[in-house]
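Student: I should like to learn how the features of a structural model are to be read. May we work through one example together?

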Amino acid sequence: MKKNPSIKCSVQQCQYHACSENYCTLDSIQVGTHELNPTKVECTDCKSFELK
Ligand code: SF4
């Protein structure tokens with residue numbers, strides 16, 4: 001799969017990760033949160049993640 005140079009990602013367990021390089025291969029991703037009131041980076045998630 002071809003990397004999307006606009007989306008850097010280091011989540012190697014995701015099936016959309018570009019493997020040899022730390023990029024996503026999707027054209028776009030959905031970012032969201034699992035918190036009611038997100039206040040720090042840990043509160044945000046890539047909602048496009050799918051396990052390999
Ligand atoms: S879908 Fe999200 S978690 Fe998966 S490689 Fe792309 S940016 Fe990373």
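Tutor: Let us begin with a charged pair. In this predicted model, the side chains of Lys3 and Glu21 form a salt bridge, with an N to O distance of 2.9 Å. The two partners come from distant parts of the chain, 18 residues apart: Lys3 belongs to the segment before strand E1 (4-8), and Glu21 to the loop between E1 and strand E2 (23-24).

Student: What is the general idea behind such a pairing?

Tutor: Side chains of opposite charge can pair when their charged atoms come close.

Student: How many salt bridges does the count give?

Tutor: The count comes to two salt bridges. Besides Lys3 and Glu21, the side chains of Asp45 and Lys47 meet at 3.8 Å, N to O. This second distance still qualifies because the rule admits a nitrogen within 4 Å of a carboxyl oxygen.

Student: Are the residues of these pairs buried, partly exposed or exposed?

Tutor: Lys3 has a relative accessibility of 28%, so it is classed as partly exposed. Glu21, at 36%, is partly exposed as well. In the second pair, Asp45 is partly exposed at 24%, and Lys47 is partly exposed at 45%.

Student: How are the charges of the chain placed as a whole?

Tutor: One compares the mean position of each kind of charge. Here there are 6 positive and 6 negative charges, and their mean positions lie 6 Å apart.

Student: Which secondary structure elements does the chain contain?

Tutor: The protein chain has four strands and zero helices. Read from the N terminus, the order of its elements is β-β-β-β. Along the principal axes, the C-alpha trace spans about 35 × 20 × 15 Å.

Student: How should burial and surface be read for the chain as a whole?

Tutor: Of the 52 residues in the protein chain, 25% are buried. The chain exposes about 4,200 Å², of which carbon and sulfur atoms supply 51%. As for contacts with a separation of 6 or more, 21% of them are between residues 24 or more positions apart.

Student: How many disulfides are found, and are Cys14 and Cys24 buried or exposed?

Tutor: A search of the whole structure finds zero disulfides. Cys14 is buried, because its relative accessibility of 7% falls under the 20% limit. Cys24 is likewise buried, with a relative accessible area of 8%.

Student: Where does Leu51 lie, and is it buried or exposed?

Tutor: Leu51 is placed in the segment after strand E4 (44-46). Its relative accessible area is 62%, over the 50% limit, and Leu51 is therefore exposed. Setting aside neighbours within four places in sequence, Leu51 has contacts with Gln13 and Gln15. Sequence and space can also be set side by side: Leu51 and Cys24 are 27 residues apart in sequence, with a C-alpha to C-alpha distance of 13 Å.

Student: Is Ser48 buried or exposed, and which residues does it contact?

Tutor: Ser48 also lies in the segment after E4. At 17% relative accessibility, Ser48 counts as buried, whereas Leu51 is exposed. With neighbours within four places in sequence left aside, Ser48 is in contact with Tyr16, Leu26, Ile29 and Gln30.

Technical notes: Residues numbered from 1 in each chain as written. Predicted model: local features only at pLDDT ≥ 70, side-chain atom pairs only at ≥ 80, totals over all residues. Heavy atoms only, no water. Disulfide = S-S within 2.5 Å. Buried < 20%, exposed > 50% of the residue type's maximum accessible area, 1.4 Å probe, protein only. Helix = DSSP H or I, 4+ residues; strand = E, 2+ residues; numbered from the N terminus. Contact = heavy atoms within 4.5 Å. Areas by Shrake-Rupley, 256 points an atom, 1.4 Å probe, with all protein chains shown as cover. Lys, Arg positive; Asp, Glu negative; His and termini not counted. Charge placed at Lys NZ, Arg CZ, Asp CG, Glu CD.
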